[in-house]
Amino acid sequence: MRIYVLSDMIITFILLRCRGLLQNYYISTNNSVCDAIVNYFYENLDKNIEFKCDGKFPESIFVNDSDLCVVFSNLLKNAVEAVAKEDKENYPKIYIFLYANAEYLSIIIENTCTYLNNTIQTLPTTKMDSQNHGFGLKNIRDIVKKYNGNLELTCEKNIFKATCYLRNI
């Protein structure tokens with residue numbers, strides 16, 4: 001049994017975006033679900049945080065929207081929460097790299113992180129209510145397994161990097 005937890009605000013934003021009710025958005029991934037997610041976080045991000053998104057998905061991808069939403073929203077939410085803990089002096093930033101073709105899809109998200117080092121494969125939740133949080137990486141791993149993919153989490157030189165590859169099976 002999978003547990004998918006997304007805030008009501010994100011779900012509402014995604015629904016409005018997919019229905020064409022939100023016309024002004026800043027970043028295009030060429031996928032309406034990912035557009036809604038990335039723009040929700042971008043619009044609500046502290047303006048002192050540098051934010052870049054490189055790459056686009058093709059019009060048709062093999063990953064279903066629900067799975068893509070879980071992977072992309074959880075990875076990006078983790079990055080946003082991590083940079084929110086950083087001091088301005090650390091020049092907090094989030095970089096997103098997207099790529100997909102008929103065989104595989106990759107999502108790479110890098111963010112400033114001055115409080116972790118080395119390779120990290122399991123990260124406990126940092127939220128006070130740990131019984132109701134900490135499902136994001138588990139949900140991502142379930143989807144990675146479904147697509148015979150790979151999830152790698154590293155932290156080197158104050159940059160946390162989440163690399164997710166999904167294969168067309």
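**Figure 1. Salt bridge between Lys 77 and Glu 81 in helix 3 of the predicted model.** Glu 81 is partly exposed, with a relative accessible area of 27%. Its partner Lys 77 is likewise described as partly exposed, at 29%. The two side chains meet in a salt bridge with an N to O distance of 3.3 Å. Because they lie 4 residues apart in helix 3, Lys 77 and Glu 81 are separated by about one helical turn. Side chains of opposite charge can pair when their charged atoms come close. The count of salt bridges in the model comes to 4.

**Figure 2. Salt bridge between Asp 67 and Lys 146.** The closest N and O atoms of this pair are 2.6 Å apart. The contact links distant parts of the chain, with Asp 67 in helix 3 and Lys 146 in helix 4 (residues 136–146), 79 residues apart. Asp 67 has a relative accessibility of 2% and therefore counts as buried, whereas Lys 146, at 35%, counts as partly exposed.

**Figure 3. Strand 1 alongside strand 2.** Strand 1 (residues 50–54) runs parallel to strand 2, and 5 bridges join them. Lys 52 stands opposite Tyr 95 in strand 2. The side chain of Lys 52 also forms a salt bridge with that of Glu 50, at 3.4 Å from N to O. Lys 52 is partly exposed at 40% relative accessibility, and Glu 50 is partly exposed at 34%. Together with helix 3 (residues 65–84), strands 1 and 2 make a left-handed β-α-β unit.

**Figure 4. The two faces of strand 2 and its hairpin with strand 3.** In a regular strand the side chains alternate between the two faces of the sheet. The covered face of strand 2 carries Ile 94, Ile 96, Leu 98 and Ala 100; Lys 93, Tyr 95, Phe 97 and Tyr 99 lie on the uncovered face. A hairpin of 3 residues joins strand 2 to strand 3. Strand 3 (residues 104–112) runs antiparallel to strand 2, and the two are joined by 7 bridges. Ala 100 stands opposite Leu 105 in strand 3.

**Figure 5. A nonpolar surface patch of tyrosines.** Tyr 99, Tyr 104 and Tyr 165 form this patch, which has about 270 Å² of accessible area together. Tyr 99 belongs to strand 2 (residues 93–100) and is partly exposed, with a relative accessible area of 41%.

**Figure 6. The hairpin of strands 5 and 6.** Strand 5 (residues 150–156) pairs with strand 6 (residues 159–167) in the antiparallel sense over 7 bridges. Glu 152 stands opposite Thr 163 in strand 6. There are 2 residues between the strands, and Lys 157 in the turn has a positive phi of about 50 degrees.

Note on methods. Residues are numbered from 1 along each chain as its sequence is written. This is a predicted model: local features need pLDDT of at least 70, side-chain atom pairs count only at pLDDT 80 or more; totals for chains, interfaces and linings use all residues. Side-chain values use heavy atoms; hydrogens and water are left out. Patches are made of residues with over 30% relative accessible area and no salt bridge: like charges are joined within 9 Å, nonpolar side chains (Val, Leu, Ile, Met, Phe, Trp, Tyr) within 5 Å. Accessible areas come from the Shrake-Rupley method with a 1.4 Å probe; for residues, only the protein chains shown count as cover. Buried means under 20% relative accessible area, exposed over 50%, partly exposed in between (1.4 Å probe, protein chains only). Two strands pair if DSSP finds at least two bridges between them. A crossover is right-handed if, with the strands pointing away from the viewer, the path from the first strand over the helix to the second runs clockwise.
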